[in-house]
Amino acid sequence: MRRLVIWLLAGAATILLTVIVFCPAAWMAAILERQTGGRLTLGDAQGTLWRGSAFIGGAPSGADPVTPLLPGRFAWRLSPLVLLGQVDLHLENPAALSQAVAIAGSWYQWQVSPASVSLPAERLAGLGAPLNTIRPSGQMRLSWTPLQVARQGGGLEVVGTMTLRMSDIASRLSPIKPLGDYQLIMDWRGRQAQLALKTLQGPMLLSGNGTLSNGRLQFSGKAEAEAGQEERLANLLNLLGQRRREGDKDVIALEFK
């Protein structure tokens, strides 16, 4: 009887070890969906949980397939030490990332190495009105300093700075192409980020400040046309907000509350 129990335990341990070693990459999709509240998932996942690749897409709705949100495929290497509470994850994607990203820490807090990722401006239309009408195009790159991320009370707290650079932004509603280059800085301190938007160059001028707290955006800014471009940009600017008077000129109020 004792020998039988030993053999049963040995067999169970062997099966468990086999499952751990060869667990499919699709398990990483479940982890990503859980951490992003179902907003993101992995498509065409290949390999294992410890070494695999996939593209990042929006979570499918009904029978809709997973659509890639970022260029290229993300390849990862995850240390089995995560089973003991130590996270050591490396991400690579030459088509989207400026360099490999290292994520290290525990189950509850992580350090993310600095890098940047290319984002398609066309995806901004998915944020709703008025962007779904404006249909912006251009190039965007999100970069970040070293980030400290911690899970607290069912949410995530972040410390660090992210910078979104938007270049050659255009719209199907404007005869002027491009409209300009813009920069949005997000200074994260816990669950809240201070936002600062400014125009780097271009005939459409955007500026403003705000906060992003627990997923809620509060922003106050303005949009206006460069001198001499008021008439050509009038239709587009009217879609962005309400017109108001500042000194001797009209501007568009960008208010989100």
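Visitor: Before we look around, what is a salt bridge here, and how many are there?

Guide: A salt bridge is a side-chain nitrogen of Lys or Arg within 4 Å of a carboxyl oxygen of Asp or Glu. Please keep in mind that this is a predicted model. Under that rule, the number of salt bridges is nine.

Visitor: Is Glu-224 buried or exposed, given that its side chain takes part in a salt bridge with Lys-222?

Guide: Glu-224 and Lys-222 meet through their side chains, with N to O at 3.8 Å. Lys-222 has a relative accessible area of 23%, so this residue is partly exposed. The limit for a buried residue is under 20%. Glu-224 has 10% relative accessibility, and therefore Glu-224 counts as buried.

Visitor: Which residue pairs with Glu-246 in a salt bridge?

Guide: Side chains of opposite charge can pair when their charged atoms come close. Glu-246 is partly exposed at 27% relative accessibility, and its partner is partly exposed too, at 30%. The closest N and O atoms of the pair are 3.1 Å apart, and the partner is Arg-244.

Visitor: How far apart are the closest N and O atoms of Arg-245 and Asp-250?

Guide: Arg-245 is exposed, with 54% relative accessibility. Asp-250 is partly exposed at 37%. These two form a salt bridge, and the distance between their closest N and O atoms is 2.9 Å.

Visitor: Which residues are joined into one network by salt bridges that share partners?

Guide: Two of the pairs we have met are Glu-224 with Lys-222 and Glu-246 with Arg-244. Shared partners link these four residues with one further residue into a single network. Its members are Lys-222, Glu-224, Arg-244, Glu-246 and Glu-255.

Visitor: Where is Leu-83, one of the residues in a nonpolar surface patch?

Guide: Leu-81, Leu-83 and Leu-84 make that patch, which covers about 320 Å². Leu-83 has a relative accessible area of 46%, so this residue is partly exposed. Leu-83 sits in the loop between β3 (74-78) and β4 (86-92).

Visitor: Which strand gives the largest share of the largest nonpolar core?

Guide: In soluble globular proteins, nonpolar side chains tend to be buried together. The largest nonpolar core here has 54 residues, and Trp-144, Met-186 and Met-204 touch the most other members. The largest share of this core is five residues, from strand β10 (residues 155-171).

Visitor: Which residues is Met-204 in contact with, leaving aside neighbours within four places in sequence?

Guide: Met-204 belongs to that core. Among its contacts is Glu-224, the residue that forms a salt bridge with Lys-222. The full set is Leu-179, Tyr-182, Thr-199, Glu-224, Leu-233, Leu-236, Leu-237 and Leu-240.

Note on methods:
Residues numbered from 1 in each chain as written. Predicted model: local features only at pLDDT ≥ 70, side-chain atom pairs only at ≥ 80, totals over all residues. Heavy atoms only, no water. Buried < 20%, exposed > 50% of the residue type's maximum accessible area, 1.4 Å probe, protein only. Patch = residues over 30% accessible without salt bridge, like charges linked within 9 Å, V, L, I, M, F, W, Y side chains within 5 Å. Areas by Shrake-Rupley, 256 points an atom, 1.4 Å probe, with all protein chains shown as cover. Helix = DSSP H or I, 4+ residues; strand = E, 2+ residues; numbered from the N terminus. Core = buried A, V, L, I, M, F, W, Y, C linked by side-chain atoms within 4.5 Å. Contact = heavy atoms within 4.5 Å.
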